[in-house]
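Here are some worked exercises to try with the model open beside you. Attempt each task before reading its solution.

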Amino acid sequence: MSVAVLALCCKALLAASLLMAGGAKLADLRGFAATAALFLPDRRWPGLASTMAAGVAGGELALGAASLSNPGVRWLNLAVLAACAGFVVVSVVGYLRYPGRPCRCFGSLSGRSFGPPGIGRAALMTLLAVAATAPPTPSLVQLGSAGRLGLLAAGLLVAWCAFAAGAALGSGSIAGSGPADSGTAGWRPAGSGAAGPGLAS
Amino acid sequence: MTILGIVFVGIAALACAAALLAILGIGQLALSGSGAIARDGLARGQVAPAWSLPDADGTLRSSPPGRPFQLIVFGDHSLRSFPSVVAGLRSLRDDPANADLEIVIVTAGDARLSQPALTTLGLDRIPVLTGSRALYARYNVRVMPFVIVVDAAGRVRASSLVNHDWQLAKLRRIAGLPLDSGDAAGVAGRAARQSQAAAV
């Protein structure tokens with residue numbers, strides 16, 4: 001029983017991570033396409049990198065949502081494991097060929113670069129995915145329609161929040177849509193640094 | 001639904017909650033970090049974009065201002081979420097020491113939509129101008145309420161995200177605006193006490 005619960009924990013964590021990563025990537029598709037272009041042999045078609053970026057983001061969302069709402073489907077665990085193995089490959093290749101370049105694994109939510117910590121994180125996710133491939137027999141993890149829909153809604157909420165936060169942090173779309181968080185926003189005297197990107201004048 | 005199914009729903013709900021908390025935490029860090037805050041506004045000494053905008057009554061206001069200083073508040077009816085800032089703006093407006101200071105509120109949309117709420121907050125007699133997202137972008141303002149102080153030459157004297165009245169006061173000092181009556185009285189009192197001490 002405890003092994004089964006552990007496997008389900010790994011599965012849920014990975015699904016939530018995939019949904020978060022997919023939502024954040026969708027919000028910063030242009031930035032993620034720049035990263036994707038690094039792995040294309042021919043960079044003459046920028047549209048290909050954008051398509052690839054959109055495909056990866058959409059794939060993560062679909063895989064995360066499906067994995068979260070269908071815990072009894074075993075092939076989904078293998079698909080998640082394959083995706084995590086892909087992350088390890090991308091992390092290693094990125095570190096070897098483009099060390100220090102931003103990986104944009106979580107879009108604008110993360111400023112991490114290709115490096116050993118990134119490889120470690122991808123390897124950890126792969127370990128979790130391996131653990132998640134050993135669930136109890138599918139008949140023991142049956143969900144009703146309401147349970148599936150609830151989990152799907154929760155997963156989509158995670159993806160949407162990641163998308164909204166990524167969009168706000170990446171392109172600065174907060175102004176005009178409401179006040180900043182009064183409890184967290186800080187204060188800065190002018191002149192302490194250069195103005196940020198996008199300054200028109 | 002099986003027992004393990006129920007367990008999975010609980011675990012998945014916890015995982016989703018943890019993911020949401022992580023997103024919130026990242027957002028909070030990004031908003032409060034110095035790097036993120038330094039990205040907004042204009043640098044001190046820089047020439048601010050010039051504009052001429054109508055207020056809710058149709059009167060045109062412009063920047064650079066006709067007065068020595070202009071305090072531009074980038075905000076709208078959402079200022080009601082910042083009562084301390086509202087109080088600070090009222091105080092600035094009512095202080096006779098601020099005769100050289102023009103205060104304007106620039107919204108990203110139609111000023112007429114925000115004017116009633118701002119009047120209810122007691123911010124009447126402060127012109128509310130119809131700005132645009134493009135103008136916000138030219139000032140590099142992405143979060144509200146944001147305050148930029150410019151002088152008569154249109155140069156930025158201070159620029160900051162403002163969530164509390166004390167931030168307004170500090171901004172005012174940095175901008176080199178005249179001391180308000182309270183500060184002036186305090187300075188005069190301290191000077192008097194110092195001279196008395198020296199005499200003793």
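A good place to begin is A:R104, which lies in the loop between α4 and α5 of chain A. Helices (H or I, at least four residues) and strands (E, at least two) are DSSP runs, numbered from the N terminus. The model is predicted, so local features need pLDDT of at least 70 and side-chain atom pairs count only at pLDDT 80 or more, while totals for chains, interfaces and linings use all residues. Residues are numbered from 1 along each chain as its sequence is written, and chains are lettered from A and ligands numbered from 1 in the order in which they are written.

**Exercise 1. Find the phi value of A:R104, and decide whether this residue is buried or exposed.**

Step 1: read the backbone. Phi of A:R104 is near 55°, a positive value in a residue that is not glycine.

Step 2: apply the burial rule. A residue is buried if 20 or more other C-beta atoms lie within 10 Å of its own, exposed if 12 or fewer, and partly exposed in between, with C-beta atoms placed from the backbone. A:R104 has 27 other C-beta atoms within 10 Å, so it is buried.

Step 3: try B:N140 in the same way. B:N140 sits in the loop between α5 and β6 of chain B, and its phi is near 60°, again positive in a residue other than glycine. B:N140 counts as buried because it has 24 C-beta neighbours inside 10 Å.

**Exercise 2. Describe how α4(A) and α5(A) pack.**

Step 1: take the angle and distance. The two helices, α4(A) and α5(A), pack at about 165°, with their axes 8 Å apart. Axes here are lines fitted to C-alpha atoms, for helices over the stretch in contact, and angles run from 0 to 180 degrees between N-to-C directions.

Step 2: classify the angle. α4(A) is therefore roughly antiparallel to α5(A); angles under 35 degrees count as roughly parallel, over 145 as roughly antiparallel, 65 to 115 as roughly perpendicular and the rest as oblique.

Step 3: list some residues that meet. Those of α4(A) include A:V80, A:L81, A:C84 and A:V88, and those of α5(A) include A:I119, A:A122, A:M125 and A:T126. Two residues are in contact if their C-beta atoms, placed from the backbone, lie within 7 Å.

Step 4: set the pair in its chain. Chain A has six helices and zero strands, and buried residues make up 44% of its 201 residues.

**Exercise 3. Which elements give two or more residues to the largest nonpolar core?**

Step 1: define the core. A nonpolar core is a set of buried Ala, Val, Leu, Ile, Met, Phe, Trp, Tyr and Cys residues joined through C-beta atoms within 7 Å.

Step 2: pick out its hubs. The largest such core has 66 residues, and those touching the most other members are A:A12, A:L14, A:A16, A:M20, A:V158, A:A162 and B:A12.

Step 3: name the elements. They are α1 (2-27), α2 (29-37), α3 (46-69), α4 (74-97), α5 (116-132) and α6 (145-171) of chain A, together with α1 (3-32) of chain B. With 15 residues, α1(A) gives the most.

Step 4: look around A:A12. Beyond its neighbours within four places in sequence, A:A12 is in contact with A:L68, B:F8, B:I11, B:A12 and B:A15.

**Exercise 4. What is the strand order of the open sheet in chain B, and where does B:V149 fit?**

Step 1: trace the sheet. Its five strands run β5-β4-β3-β6-β7 (chain B), with mixed pairing. The edge strands, β5 (128-130) and β7 (156-161) of chain B, each pair on one side only. Strands count as paired if DSSP finds at least two bridges between them.

Step 2: zoom in on one pair. Strands β3 (residues 69-74) and β6 (residues 146-151) of chain B are antiparallel, over six bridges. Here B:L71 stands opposite B:V149 in β6(B).

Step 3: examine B:V149. This residue counts as buried because it has 25 C-beta neighbours inside 10 Å. Not counting residues up to four places away in sequence, B:V149 touches B:F69, B:L71, B:R157, B:A158, B:L171 and B:A175.

Step 4: add a helix. Helix α6 (residues 165-175) of chain B lies across β6 and β7 of chain B, at about 160° to β7(B).

**Exercise 5. Which residues are joined by cis peptide bonds in chain B?**

Step 1: B:S63 and B:P64 are joined by one, with omega about 5°. B:P64 is in the loop between β2 (60-63) and β3 of chain B.

Step 2: B:M144 and B:P145 are joined by another, with omega about -5°. B:P145 is in the loop between α5 (133-138) and β6 of chain B.
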